[in-house]
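Open your viewer, keep the selection box handy, and let's walk through this model together. We will go stop by stop, selecting a few residues each time.

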Amino acid sequence: MSTFHGGEFLLNEGGAVMAPEFFSPEQRALFETAMRFSREQVLPKAARIEAKDFGLLRELLREAGELGLLGVDVPEAYGGLGLDKTTSLLVAEAKSLLGSWSVTFAAQTGIGTLPIVYFGTDAQKQQYLPSLASGEKVAAYALTEAGSGSDALGARTTARLSPDGRHWVLDGAKQYITNAGFADVFIVFAKIDGTRFSAFIVERSTPGLTVGPEEHKMGIRGSSTCPVILEDARVPVENLLGEPGRGHVIAFNILNLGRLKLGSGVLGSMKTQLASALTYVTLRRQFDTPLVRFGLTREKLARMAAAIYAVESMAYRTSGLIDAFGGDPLAALEEFAIEASLAKVVGSEALGQVMDDAVQLHGGAGYIEEYPVERAYRDARINRIFEGTNEINRLLVVGTLLKRAARGQLALFEAPTAQTPPLKALARLGLKLAAEAFGPSLDQHQVVTAALADLVLEAFVVDSVAARNRALAATRPLEPWRVAIEEHVASAAHQRAQQAASRVIAACATGEARAAHLASARALQVDFPGNPEQVIETIVIALEAARGYPS
Ligand SMILES: Cc1cc2nc3c(=O)[nH]c(=O)nc-3n(C[C@H](O)[C@H](O)[C@H](O)COP(=O)(O)OP(=O)(O)OC[C@H]3O[C@@H](n4cnc5c(N)ncnc54)[C@H](O)[C@@H]3O)c2cc1C
């Protein structure tokens with residue numbers, strides 16, 4: 001068991017580092033199985049999936065279940081594989097080659113199944129988990145309502161005990177529910193007697209449950225998203241999930257893993273689009289020259305690769321920390337809630353940037369449906385919205401850090417900063433200033449809070465890439481492209497962090513104090529000596545040699 005704690009990356013270098021280069025043969029084997037499934041069974045059927053062939057989605061879920069891919073987080077005793085979180089993230093990466101399938105799969109294995117894994121009684125687990133892990137049954141998770149999205153606890157759906165005490169009677173309407181069009185089992189959140197927020201396992205056949213029409217979406221069009229209406233829906237009492245009034249614990253804990261898996265779940269799509277963009281710019285010629293020879297093409301390719309390396313380093317580092325933490329899996333997930341939110345925010349924003357670059361590299365073709373990048377661009381956008389919007393996750397990162405510091409769990413302000421790498425020192429300087437300036441009312445200053453989250457985020461990204469490269473360099477000589485990527489990531493992060501720090505300081509201090517803090521921040525500025533064109537060149541040469549992201 002490791003004693004490295006959540007948020008501690010701002011203070012110390014963290015123990016053993018998990019990264020793709022350190023996956024075990026078993027982890028690699030399941031990843032390969034999942035990748036083969038995506039390439040051979042899912043991608044060739046993309047057109048049918050996009051046309052909402054839900055029968056096909058059910059069939060694919062069953063086939064994925066047969067391969068064990070739906071049961072990575074389900075204990076063996078209930079028909080799953082009961083594997084570590086790093087393997088779970090690897091499967092999430094492999095299933096993400098097609099957005100619609102990725103979301104269907106994530107709702108099934110994550111928010112649909114995990115509430116029962118972590119909070120179900122033995123009888124509930126026996127009843128539901130084997131058929132969810134095999135793909136025989138499909139799950140959905142119904143939290144959001146028309147009036148409560150980010151403010152999930154504001155739900156108005158109610159539950160009351162029937163006079164004979166045998167049923168919970170649910171009334172309300174959920175919206176935007178993934179898989180609802182064909183799911184068999186719904187995890188529904190409702191307030192007992194209008195006050196105690198709780199979770200229920202609700203079967204599709206429940207009298208009083210109806211599923212509304214499919215939404216017409218910007219992307220992930222092959223996935224199902226519908227309203228779910230509950231009118232005097234009678235749910236057997238034994239289908240209450242967890243304790244009454246503790247539904248928020250279920251909702252928030254499940255999101256921790258969902259966010260982390262989203263962090264790796266963007267990688268499959270990013271790597272695929274980098275490879276096809278590279279092929280496109282190699283073949284396409286303008287001005288008698290392949291596009292790939294142009295500096296501005298190479299700049300984008302390098303930026304895409306650097307984003308992938310950063311997300312990979314962050315997501316798998318976090319799953320490794322969770323696996324090493326051991327003990328109660330829920331407690332371990334909660335311990336690393338900050339890192340999970342960071343992985344979600346960085347992953348979804350990196351995905352957006354990579355898709356944008358990929359479309360741009362295709363020129364007009366990138367805007368035409370015939371090219372898969374058009375769909376991938378549309379599919380990417382949802383990732384900044386669900387699993388907690390990126391705004392909400394930024395607020396959570398800072399709120400959780402400061403709460404832990406106030407409880408004495410994290411020595412954010414006390415630990416010396418003399419030997420601290422500059423971005424961590426900058427983040428801690430900003431957090432300290434804001435905590436002193438605003439105290440408990442910091443949550444009323446969202447612009448400052450978001451800038452603080454950005455400081456923490458840049459520190460985490462740079463630290464994760466550096467930790468991975470250090471760990472690798474301890475085993476073998478580091479390839480030049482990895483060194484170049486570290487410099488690429490760090491130089492951009494330092495620039496953004498300096499801007500964020502200036503915003504925080506300007507909002508927290510005036511006059512001489514402001515000038516002094518700005519001087520302290522500037523003293524942490526790092527000038528990167530490398531020639532940016534050479535850095536880009538080193539990265540792109542490696543991409544060309546690997547015909548895509550080198551892995
Ligand atoms: C395709 C799709 C699939 C989905 N699948 C599911 C599912 O399976 N199950 C489920 O329960 N839900 C699902 N959702 C719902 C999703 O989780 C919500 O849409 C999301 O949480 C945001 O809620 P909202 O849409 O009500 O937006 P709002 O909460 O109204 O937010 C609108 C904007 O305001 C910002 N905002 C809100 N509150 C604050 C604040 N306090 N401070 C600053 N900014 C704020 C948000 O960040 C956002 O930018 C899905 C949605 C979509 C589109």
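## Stop 1: M304 and its helix

Start by selecting M304, which lies in helix α10. One thing to keep in mind as you look around is that this is a predicted model. Is M304 buried or exposed? Count the other C-beta atoms within 10 Å and you get 27; the cut-off for buried is 20 or more, so M304 is buried.

Next, show what M304 touches. With neighbours within four places in sequence left aside, M304 is in contact with L274, V354 and D357. For a longer view, draw a distance from M304 to L11: their C-alpha atoms are 29 Å apart in space, and the two residues are 293 apart in sequence.

## Stop 2: helix α9

L274, one of the contacts of M304, is also among the buried residues of α9. Select residues 267–283 to see this whole helix, which has 17 residues. From first C-alpha to last, α9 reaches 24 Å, close to the 24 Å expected at 1.5 Å a residue. Now colour its buried positions: L267, G268, S269, M270, K271, T272, Q273, L274, A277, L278 and V281.

## Stop 3: the largest nonpolar core

In soluble globular proteins, nonpolar side chains tend to be buried together. Here, the largest nonpolar core has 177 residues. Which members touch the most others? Select F200, A305, A310, V456 and I539. The largest share of this core, 16 residues, comes from helix α10, residues 295–325.

Zoom in on V456 for a moment. Setting aside its neighbours within four places in sequence, V456 is in contact with L10, V397, L401 and A427.

While you are there, select helix α16, residues 446–473. Its 28 residues should span 40 Å at 1.5 Å a residue, and its end C-alpha atoms are 40 Å apart, so the two values agree. α16 is mostly covered, with 20 of its 28 residues buried.

## Stop 4: β5 and its partners

F200, one of the core members that touch the most others, stands opposite L240 in β8. To see the strands involved, select β5 (residues 196–203) and β8 (residues 240–241). These two pair in the antiparallel sense over two bridges. β5 is mostly covered: six of its eight residues are buried.

Now add β4, residues 185–192, which pairs with β5 in the antiparallel sense over eight bridges. A handy pair to label is K191 and F197, since the two stand opposite each other. In the hairpin of β4 and β5, three residues sit between the strands, and D193 takes a positive phi near 55°.

## Stop 5: β3 and its partners

Move on to β3, residues 167–178. Strand β2 (residues 158–161) runs antiparallel to β3, and four bridges join the two. Label L161 to find its bridge partner in β3, W168. The hairpin of β2 and β3 has five residues between the strands, and G165 in the turn has a positive phi of about 70°.

β3 also pairs with β7 (residues 225–236), in the antiparallel sense and over nine bridges. Here, L170 stands opposite A233 in β7.

## Stop 6: around the ligand

With β3 still selected, bring up the ligand. How many residues surround the ligand? There are 19, and the closest are L143, G149, S150, T389 and E391. By class, this shell has ten nonpolar, seven polar and two charged residues. β1 (139–142), β3 and α14 (390–406) each supply at least two residues of the shell. The largest share, three residues, comes from β3.

## Stop 7: two backbone surprises

Finish with two loop residues. Select I220, in the loop between β6 (209–211) and β7. Its phi is near 35°, a positive value in a residue other than glycine. I220 is buried, with 25 other C-beta atoms within 10 Å.

Then select F287, in the loop between β9 (285–286) and β10 (289–290). F287 also has a positive phi, about 55°, although it is not a glycine. Is this residue buried or exposed? F287 has 8 other C-beta atoms within 10 Å, and 12 or fewer counts as exposed, so F287 is exposed.

Terms used
Residues are numbered from 1 along each chain as its sequence is written. This is a predicted model: local features need pLDDT of at least 70, side-chain atom pairs count only at pLDDT 80 or more; totals for chains, interfaces and linings use all residues. A residue is near a molecule or strand if its C-beta atom, placed from the backbone, lies within 6 Å of it. Ala, Val, Leu, Ile, Met, Phe, Trp, Tyr, Cys and Pro count as nonpolar, Asp, Glu, Lys and Arg as charged, and the others, Gly among them, as polar. The expected span of a helix is 1.5 Å times one less than its number of residues. A nonpolar core is a set of buried Ala, Val, Leu, Ile, Met, Phe, Trp, Tyr and Cys residues joined through C-beta atoms within 7 Å. Two residues are in contact if their C-beta atoms, placed from the backbone, lie within 7 Å. Two strands pair if DSSP finds at least two bridges between them.
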